[in-house]
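Good morning, colleagues. Please take a moment to look at the model on the screen before I begin.

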Amino acid sequence: MTPKEVMDFVKEKELKIVDYKFLDFVGVWQHFSQPIQELSEDTFEEGIGFDGSSIRGWQPIHNSDMLIVPDPATAKIDPFVATPCLSLICNIVDPITREGYTRDPRFIAQKAEAYLKSTGIADVAYFGPEPEFFIFDDVRYSSGVNQSFHMVDSAEGIWNSGREEFPNLGYKPRHKEGYFPCAPTDSLIDIRNEMVEELQKVGLHIECMHHEVATGGQCEIDMRFDSLLAMGDNLQWFKYIIKNVAHRNGRTVTFMPKPLYGDNGSGMHCHMSLWKDGKNLFAGDGYGGLSKTALFYLGGIMKHAKALCAITNPGTNSYKRLVPGFEAPVNLAYSSRNRSASLRIPVTSNPKAKRIEYRTPDPLCNGYLAFAAMVMAGLDGIENKIDPGEPLDKDIYGLSPEELSHVPKVAGSLEEALDYLEEDHDFLLKGDVFTKDVIDMWIDYKRSAEVDKVRMRPTPMEFELYFDF
């Protein structure tokens, strides 16, 4: 929509409130609202002032004035607000220079798209993420000086097979057996369908939904691919809608990669392809039906994967999923069909559908930053003709220790990933997509606000291991 079309839409739908949404540095939507009378066509040019010092990772208090500038193309009706409400996703702008704010994740995604076009390599990057999540019935946690605990619960969790439920009817998926059973074992069909209906109302194209592998409420809903910036917007709507549908049904959702011990964690496999002039540049006659461009893109992802982890797997909890020898894709190898490799080439006879699937990322990530970083790594591979080596078509989980020692792995902890990002980030700085300030702030914030806080706190398992020594 144009600004005029937005104002016409407001009148047509008799909307009463306008809600401005934007993303903080870490990756969580923020918002504030106004009566609809405060919105005009000028708002889309002039913006609205706000305090940037109150947003995580943004401005210091002595230099805190910022502007939000709504993007008219993002206009939608918010499905969870009782009063008819227009929702607009906003860009962040410096009020003095009128330039985009370098720490605004959406601006970084916009710059990544602009840089891609400036290279002449491609004019669009498509992303198709597959976010997994858990639907729980109850969540409790606390961390203090002298105590800490967490507890999540789901009626379909196998740990409740012996609970008195008056009556307990069974049909609880066993560990690692939640993939595709029908009802009544899959107890979440109706709530997933409700989620899909709401996702479709805001324009998301949903291709598939199902229960995932883990017991206790793990699910997946797949969106159709879209361009980098559009998919960043879509992922934010996706998380917002999934959480709010669960909430109004008396349940809760988490995108934490590893909320349960001993069962599968939640990933966000990302399907990627580059296109130019309506042609898929990844389709070719090489291995797996890939072009040389696609193989070089693979090479860039593999070269920078450890640094990418700091952005695609940005939490300490992410690395409780990325453990060698278990289900997660930690091995930096590529293969056709083989789901034990971190980079998979899905089998398809349609050249338009030829793509690569990077299986390491998880849904804790900030989509704008993660998609931009992956494109920059892939472009670096293409520009420098980085050879990804030979494919690995064996079951990696079945390799001997000697064979496995030759297969590189992703980072083993957030602390390690941040160290790699500190050493390997020049590829992100091209085209001023990520600035040095953004990289430094990301590393500093993650170390001080997350790594140190987790590292300094004793856990219940440490008491179990060490208390009686």
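I shall speak about one pair of strands and then about the enclosed cavities.

This is a predicted model, in which local features need pLDDT of at least 70 and side-chain atom pairs count only at pLDDT 80 or more, while totals for chains, interfaces and linings use all residues. Residues are numbered from 1 along each chain as its sequence is written, and side-chain values use heavy atoms, with hydrogens and water left out.

Strands β10 (residues 206-211) and β11 (residues 218-223) run antiparallel and are joined by 5 bridges. Strands here are DSSP runs of E, at least two residues, and helices are runs of H or I, at least four, numbered from the N terminus; two strands pair if DSSP finds at least two bridges between them. H210 stands opposite E220 in β11. The two strands form a hairpin with 6 residues between them, and G216 in the turn has a positive phi of about 75°.

I turn to the cavities. A cavity is a set of points on a 1 Å grid over the protein atoms alone where a 1.4 Å probe fits but cannot get out; lining residues have an atom within 4 Å of a point. A volume is the space filled by probe spheres set on the points, which are joined across faces, edges and corners. The whole structure has 2 cavities of 30 Å³ or more.

The largest cavity holds about 50 Å³, and G217 and R251 are among its lining residues. The second largest holds about 40 Å³ and is lined by I311, L369, F434, V438, I439 and W442. Helix α11 (residues 436-455) gives the largest share of that lining, 3 residues.

Definitions and conventions: 1 Å grid on protein atoms, 1.4 Å probe; cavity = no way out; pocket = protein on both sides within 12 Å on 5 of 7 lines; lining within 4 Å.
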